[in-house]
Amino acid sequence: MTEPAALLELQSIDLELIQAKRRLDGLPEKAAILAAREKIKETTALREKAGLLLRKLEAELKARQDETDLLVEKITAEQEKLTQIADHRMVNMITRQVDGFKRRTGKLEVESLQFMERIEKATAQIATIEEALVKMADSEAGLVKRFKKAGGALQADIAAKEAARTEVVKMVSEGMLARYESMRAAKGGIGVGRLAEAACSACHMQLPATKVRQLEEGDDVGVCPACRRLIVVRTGDNAQGTSK
């Protein structure tokens, strides 16, 4: 296969690849998978947020329990002092101090109960979220299985076309390939056309006779004067030297 013919074959394969990949991307299963993964991401973030809240609540509860234990120790110690002190004023002072400790302990116990209730709710919420994540993961796995089944033929076709493309690329010089890829990127996926009588097959513009003559007198691969894409003038084995 000559380089001009390889260019046209490469363009044909690339257009087929674009169409096949669009069909693959357009499968409803793919959209469903993306939506499912986004939902899993959002739910996972919610799980992390709930976990952070739970850890904070547990820390708050522990702080109150630790303070309660400390106050209980102080109350016990102060009450032991009362059994050893005869001074009325000292007894009154210690008694007031113990009463203060007891009031604080009572408040801490109420707060601890409130935190326990919140911890119970947060734990239940996390369990619900984790159960939902398991179901979402199962659903996503099912969608992926369906996608692979629905898109298997397309993926095999794409793989075959990409393998064929690799072989065709070997028949195109590095400089010409770079020009083709540049045009293809700039011109919506079509980087080369063919001179068909007096028209460019890429842009479908009828070319003036003088431009056609210039192309025919030039290299096997020229530049379309209308769309500026590469244009194959001749493809046969008897083609003239191709511009690099």
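Reader: Where is the place of His 204?
Author: His 204 sits in the loop between E2 and H5. Those labels are DSSP runs numbered from the N terminus, with helices (H or I) of at least four residues and strands (E) of at least two. Before we go on: this is a predicted model, where local features need pLDDT of at least 70 and side-chain atom pairs count only at pLDDT 80 or more, while totals for chains, interfaces and linings use all residues. Residues are numbered from 1 along each chain as its sequence is written, and side-chain values use heavy atoms, with hydrogens and water left out.

Reader: OK, and is His 204 buried or exposed?
Author: His 204 is exposed, with a relative accessible area of 63%. Buried means under 20% relative accessible area, exposed means over 50%, and partly exposed is in between (1.4 Å probe, protein chains only).

Reader: What about its phi, what sign does His 204 have there?
Author: Positive, about 65 degrees, although His 204 is not a glycine. Most residues other than glycine have a negative phi.

Reader: Which residue in the loop between E3 and E4 has a place there?
Author: Arg 228 is in that loop, between E3 and E4. Arg 228 is not a glycine either, and has a positive phi of about 70 degrees.

Reader: Back to the loop between strand E2 and helix H5, where is Pro 208?
Author: Pro 208 is in that loop, between strand E2 (199-200) and helix H5 (209-217). Pro 208 is partly exposed, at 46% relative accessible area. Its C-alpha is separated by 41 Å from that of Leu 24, and the two are 184 residues apart along the chain.

Reader: Switching to helices: at what angle do H1 and H4 pack?
Author: About 35 degrees, with the axes of helix H1 (residues 3-25) and helix H4 (residues 174-186) 12 Å apart. Axes here are lines fitted to C-alpha atoms, for helices over the stretch in contact, and angles run from 0 to 180 degrees between N-to-C directions.

Reader: Is that crossing of H1 and H4 left-handed or right-handed?
Author: The crossing is right-handed. That is the word when the near helix is turned clockwise from the far one by less than a right angle, and anticlockwise would be left-handed.

Reader: Which residues in H1 and H4 meet?
Author: From H1 there are Glu 3, Leu 7, Leu 10, Gln 11 and Asp 14, and they meet Met 176, Leu 177, Tyr 180 and Arg 184 in H4. Contact means heavy atoms within 4.5 Å.

Reader: How many residues does H1 have, and what does it reach?
Author: H1 has 23 residues and reaches 32 Å from its first C-alpha to its last, close to the 33 Å expected at 1.5 Å a residue. The expected span is 1.5 Å times one less than the number of residues.

Reader: Which residues of H1 are buried?
Author: Among them are Pro 4, Ala 6, Leu 8, Ile 13, Leu 17, Ala 20 and Leu 24. What covers the buried residues of H1 includes helix H2 (28-82), helix H3 (88-169), H4 and strand E1 (192-196).

Reader: Since H3 came up, which residue does Gln 155 in there touch?
Author: Gln 155, found in helix H3, touches Leu 24, Phe 147 and Lys 148, not counting residues up to four places away in sequence. Gln 155 and Lys 21 are 134 residues apart in sequence, yet 8.3 Å apart in space, C-alpha to C-alpha. At 35% relative accessibility, Gln 155 counts as partly exposed.

Reader: And what joins the side chains of Glu 111 and Arg 64?
Author: A polar contact of 2.7 Å. The term means a pair of N or O atoms within 3.5 Å; within protein, one must be able to donate a hydrogen and the other to accept it, and residues adjacent in sequence count only if both atoms are side-chain atoms. Glu 111 is in helix H3 and is buried, at 17%.

Reader: Last one, what does Leu 71 touch?
Author: Leaving out residues up to four places away in sequence, Leu 71 touches Phe 101, Arg 104, Thr 105 and Leu 108. Leu 71 is in helix H2 and is buried, with a relative accessible area of 7%.
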